[in-house]
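Here is a short briefing for a first look. Start with the view below, then read on by topic.

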Amino acid sequence: MENAIDSPMSSTGASSPGHRQVVAALQVFAGGACYGAMATTYKLAYAAGFTSAQVVASQAWFGCLFFVLATAVKLARGGRLVRLTGTQALKLMGLGALTCTTSILYCYAMSVLPAPVALTLLFQFTWMGLIWQTIMTRRAPKPLEVASAAVIVFGTVFASGVYKTGLAGYDPVALACALGAAVTCSLFVTFSGKVKVGCSNEQRGVIVCLGAGIMSLTVCPNYLVSGVVFQGILPFAAVAGFFGLMCPVLLFGLGSPHLPAGLSTVMAAAELPAGLFIAMIVLGEPLGAMEWLGVAVILAGVCLAQVPALGGARSQRPTV
């Protein structure tokens, strides 16, 4: 079965590199936006009496369940499974372990720190991707990439509201966990574009999420036998598994291979604006003028990162 990651963009021929990068950037942007549902989901789950460990495990195993169902549908429609090597499977499971580690650290930070503080530290992943890109390519990032990341981090300070509170006086362990979540998040987005296997996205997702599920058992070892699924966590588990794992794994897997590592993490910055909008709608948390300004600055930074690709797509557009 042809892997959707490597399939042509259209039946009429290969698309221009500029156009393909724009599409890939939109896929990564959408994957980041899906993460925006997580802060609200975590808050609601905590309010319902569930622990951060239970939420993390629910996210991992329900993400795996959704991919298993998608794979079953694929097989029913004539698809087939592809035999992978042990090394390929371990690499995919490693991706799952990375994204689950992000959830473990971020969930704990959210349970201790004010949401704006945890969000601001998590969002440091936008510039960390540039570091991984520099290490892997041994080339300095482009000035526009650095400028875009700086604009996004600047906007985050206002969009999250952390300019009101600062970072002083908070639990140092929780602060370290939030910053650690930024590191693992940037690594997950970066390596999502590097681990390529010749199977369907559905099969790929099952293996990635299996790695996440196994990692989740380190913080919630009795999850599969505890019966917590039947104690009211099911709605939160379904939302977390779908938006916090299935959609990002799928979308980052589609888009990241066609983008530099630094640009992938910049495009994933859609998480904060999406999260603020969802919190405003679901939780009734108002956004003030400074928060709206921060959102606008973040989106401007994302657009700034796409200037070269948009220019390339425009220049390669066929003339009539």
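The accessible surface of the chain comes to about 14000 Å², and 69% of that belongs to carbon and sulfur atoms. The model is predicted. The chain holds 16 helices and 0 strands. Of its 320 residues, 52% count as buried.

**Contacts across the chain**

- Among contacts with a separation of 6 or more, 89% join residues 24 or more positions apart.
- P114 and Y170 give one pair to look at: they are 56 residues apart in sequence. In space, their C-alpha atoms are 9.1 Å apart.
- P114 sits in the loop between helix 4 and helix 5.
- P114 is partly exposed, because its relative accessible area of 33% falls between the limits of 20% for buried and 50% for exposed.

**Helix 5, residues 115-122**

- How many of the 8 residues of helix 5 are buried? The count is 7, so the helix is largely enclosed by the rest of the structure.
- The buried residues of helix 5 are A115, V117, A118, L119, T120, L121 and L122.
- L119 also belongs to the lining of the largest pocket, where it is among the residues nearest the centre.

**S148 in helix 7**

- Helix 7 covers residues 143-159, and S148 is part of it.
- Is S148 buried or exposed? S148 has a relative accessible area of 0%, so it counts as buried.
- Leaving out residues up to four places away in sequence, S148 touches V266, G301, V302, L304 and A305.

**R138, before helix 7**

- R138 lies in the loop between helix 6 (125-137) and helix 7.
- The phi of R138 is near 60 degrees, a positive value in a residue other than glycine.
- Most residues other than glycine have a negative phi.
- R138 is exposed, because its relative accessible area of 77% is over 50%.

**Cavities**

- Rolling a probe the size of a water molecule over the atoms shows where empty space is left.
- The count comes to 3 cavities of 30 Å³ or more.
- The largest cavity has a volume of about 140 Å³.
- Its lining has 13 residues, and Y35, T102, S103, Y106 and E271 lie nearest the centre.
- Which helices each supply at least two residues of this lining? They are helix 2 (37-47), helix 4 (86-112) and helix 9 (172-192).
- Helix 4 gives the most, with 4 residues.

**The largest pocket**

- The largest pocket has a volume of about 320 Å³.
- It is lined by 24 residues, of which K43, L119, L276, A279 and E285 lie nearest its centre.
- Helix 2, helix 5 and helix 14 each supply at least two residues of the pocket lining.
- Helix 14 gives the most to this lining, with 6 residues.
- Helix 2 supplies at least two residues to the lining of the largest cavity, and it also supplies at least two to that of the largest pocket.

**A nonpolar patch**

- L44, I281 and V282 make a nonpolar surface patch of about 290 Å².
- V282 lies in helix 14, which runs over residues 271-283.
- Helix 14 thus appears twice here: it holds V282, and it gives the most residues to the lining of the largest pocket.

How values were computed: Residues are numbered from 1 along each chain as its sequence is written. This is a predicted model: local features need pLDDT of at least 70, side-chain atom pairs count only at pLDDT 80 or more; totals for chains, interfaces and linings use all residues. Side-chain values use heavy atoms; hydrogens and water are left out. Patches are made of residues with over 30% relative accessible area and no salt bridge: like charges are joined within 9 Å, nonpolar side chains (Val, Leu, Ile, Met, Phe, Trp, Tyr) within 5 Å. Accessible areas come from the Shrake-Rupley method with a 1.4 Å probe; for residues, only the protein chains shown count as cover. A salt bridge is a side-chain nitrogen of Lys or Arg within 4 Å of a carboxyl oxygen of Asp or Glu. Buried means under 20% relative accessible area, exposed over 50%, partly exposed in between (1.4 Å probe, protein chains only). Contact means heavy atoms within 4.5 Å. On a 1 Å grid over the protein atoms alone, a cavity is a set of points where a 1.4 Å probe fits but cannot get out, and a pocket is an open set with protein on both sides within 12 Å along at least five of seven lines; lining residues have an atom within 4 Å of a point. Grid points are joined across faces, edges and corners, and a volume is the space filled by probe spheres set on the points.
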